[in-house]
Amino acid sequence: MAEQTTARVLVASNRGPVAFRHAPDGSLTPRRGGGGLVSGLSAIDDPHAVWVCAALGEADRAAARQSPQGRLDLAGFDVGGQAVRMLDIDPVVFDQAYNGVANSTLWFLHHQLYNTPTAPAFDQAAAERWAGFREYNEAFAAALAAEAAPGAAVLVQDYHLTLVPALLRERRPDLRIGYFLHTPWAPVDYFRLLPDEPAAAVLTGVLGADRAGFHTRRWAEAFADCCERVLGATVDRAALTVTFQGRTTALGVHPLGADAEFLRERAHRADVDERLAALKAAVGERRTIVRVDRTELSKNIVRGLQAYLHLLRTRPEWHDRLVHIAFAYPSRQDLAEYRDYTAAVRRISEEINAEFGTATWQPLILQVEDDFARSLAAYRLADVALVNPIRDGMNLVAKEVPVVSEAGCALVLSREAGAWAELAEDAIGINPYDVVGTAEALHRGLTMPAAERTERTKRLAAAATALSPQQWFLDQLAALTAS
Ligand code: G6P
């Protein structure tokens with residue numbers, strides 16, 4: 001029998017399951033990426049599955065160029081058994097798509113991050129970036145069209161690849177095309193910031209899919225509102241479908257959960273124990289508030305630190321009895337807004353320690369080096385976890401902490417995080433803009449009776465793990481192939 005050369009299941013995302021680096025001897029070494037998507041994909045039981053992603057740095061590009069059509073040789077490497085095809089996209093086009101449109105325009109739009117008197121401005125340079133974004137999306141559509149077996153299922157991930165479903169359908173109408181958005185979707189009045197052409201391209205791009213998935217019903221409905229009001233599409237809110245130009249796209253709600261099995265095992269390895277011992281030595285007998293984020297505008301780290309400052313200013317009883325552990329890992333440093341934000345986080349952190357620190361008490365420990373084992377150690381130790389995004393598609397930290405916590409942890413959670421939809425009952429809800437309210441919520445968390453904290457943490461952990469990454473993926477695949 002001839003060996004099958006095309007895939008029946010395909011996944012596409014900007015960041016793939018592996019990243020390469022140059023080893024000291026010059027060879028290229030792959031490293032497995034983290035995150036729910038990689039865990040979810042490990043559930044695919046199909047040796048002919050293919051994951052299409054972009055080469056993200058020079059080492060990735062070199063690896064992609066060494067392999068026929070960018071198909072990597074990952075024999076013996078644990079990415080769930082699938083083949084990975086890494087696209088070597090022209091660096092200028094990649095920058096226009098990734099930094100210029102995906103992480104600036106679309107990310108800012110869906111997270112409502114614009115400071116509208118000055119940005120955005122859709123000028124000639126912006127038009128060129130959109131052309132690059134289209135070219136990048138076309139590269140993905142072309143690769144998927146080339147790799148897919150007749151009638152194959154394709155799962156396109158996230159805002160970077162918004163145009164792919166429609167571009168792929170033009171090339172391959174036989175495919176079952178699914179799309180999943182990991183961010184919120186902008187409310188329609190905010191979405192109207194986009195000029196007509198990109199606005200229509202984004203909406204019709206997603207509507208090229210047979211099914212479009214979101215983490216919460218709120219984001220699915222916001223998308224449907226945009227289709228109705230911007231495109232004039234017909235929306236059935238009860239059935240959650242959008243019909244436009246004779247085709248119907250079903251909307252799905254699939255709230256990705258934490259990977260309990262992986263987390264519980266990983267959180268008790270020796271490297272985590274070591275870091276926990278170091279944190280305990282630094283904190284002593286004091287209580288802890290923990291936060292773990294990328295240094296990301298939407299994560300609202302500055303207001304979180306302002307809330308901690310307000311707590312220390314208004315409640316002196318916490319002086320020398322409390323430490324805030326803030327892990328804020330660098331992210332998207334090619335963008336000026338992120339560099340400025342990182343500087344603002346550092347500034348306020350220094351102010352807090354200067355105002356309240358003593359020879360024996362450092363009220364805030366800010367760490368910026370990415371260290372997953374240390375994050376898990378902090379989850380184990382936390383008395384209170386602070387998760388206060390301005391908006392967030394889901395937020396997995398809110399779901400991971402209760403799973404890993406040792407003695408129970410109060411969760412202070414923004415009502416604008418997708419995770420709020422499932423965790424509202426046992427979390428302490430906050431308006432992320434309300435600094436004083438956030439400080440009060442932190443105090444409430446710190447003073448919650450131990451028994452109540454333990455009970456709430458148990459229920460939070462159960463809700464947070466209701467849909468494992470593997471099941472999350474399989475559900476979408478099943479819905480796509482059944483419809
Ligand atoms: C968000 C997106 C992901 C992305 C991640 C990290 O969670 O939904 O698709 O991978 O941010 O961002 P980065 O730009 O580093 O890939």
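**View 1. Glu-197 sits in helix 7.** In this predicted model, Glu-197 counts as exposed because 11 C-beta neighbours fall inside 10 Å, and a residue is exposed at 12 or fewer. The helix that holds Glu-197 covers residues 196-207. It is worth locating Val-101 in this view too: Glu-197 and Val-101 lie 96 residues apart in sequence, while their C-alpha atoms are 14 Å apart in space.

**View 2. Strand 12 is largely enclosed by the rest of the structure.** Strand 12 covers residues 287-294, and six of its eight residues are buried, so the strand is largely surrounded. What joins strand 12 to strand 13? Eight bridges do, and the two strands run parallel. To find your place in this pairing, look for Arg-287, which stands opposite Leu-322 of strand 13. Strand 15, residues 384-387, is also parallel to strand 12, and two bridges join them. Here Ile-289 has Val-384 of strand 15 as its bridge partner. As a reminder for viewing any such strand, side chains in a regular strand alternate between the two faces of the sheet.

**View 3. Strand 12, helix 11 and strand 13 form a right-handed β-α-β unit.** Helix 11 spans residues 301-314, and strand 13 spans residues 322-329. Between helix 11 and strand 13 comes a loop that contains Asp-320. Asp-320 is not a glycine, yet its phi is positive, at about 70°. Is Asp-320 buried or partly exposed? With 14 other C-beta atoms within 10 Å, Asp-320 is partly exposed, because that count falls between the limits of 12 for exposed and 20 for buried.

**View 4. The loop between helix 3 and helix 4 holds both Gln-112 and Pro-120.** Helix 3 covers 91-110 and helix 4 covers 124-147. Most residues other than glycine have a negative phi, and most peptide bonds are trans. Against that background, Gln-112 has a positive phi of about 50° without being a glycine. Gln-112 counts as partly exposed because it has 16 C-beta neighbours inside 10 Å. Further along, the peptide bond that joins Ala-119 and Pro-120 is cis, with omega at about 10°.

**View 5. Strands 2 and 3 pair as an antiparallel hairpin.** Strand 2 (residues 18-22) and strand 3 (residues 28-32) are joined by five bridges. His-22 stands opposite Leu-28 of strand 3. Five residues lie between the strands of this hairpin, and Gly-26 takes a positive phi near 95°.

**View 6. Seven named residues line up around the ligand: Arg-15, Asn-103, Asp-158, His-182, Thr-183, Ser-331 and Arg-332.** Which kinds of residue make up this shell: nonpolar, polar or charged? The shell divides into four polar and three charged residues, with no nonpolar ones.

**View 7. The whole chain puts the close-ups in context, with 18 helices and 17 strands.** The C-alpha trace spans about 70 × 55 × 40 Å along its principal axes. The radius of gyration is 23 Å, which agrees with the value near 23 Å for a compact globule of 483 residues. Of those 483 residues, 49% count as buried. Among contacts between residues at least 6 apart in sequence, 77% join residues at least 24 apart.

Terms used. Residues numbered from 1 in each chain as written. Predicted model: local features only at pLDDT ≥ 70, side-chain atom pairs only at ≥ 80, totals over all residues. Helix = DSSP H or I, 4+ residues; strand = E, 2+ residues; numbered from the N terminus. Pairing = 2+ DSSP bridges. Right-handed = clockwise from strand over helix to strand, strands pointing away. Near = placed C-beta within 6 Å. Nonpolar A, V, L, I, M, F, W, Y, C, P; charged D, E, K, R; others polar. Rg over C-alpha atoms; globule rule 2.2 N^0.38 Å. Contact = placed C-beta atoms within 7 Å.
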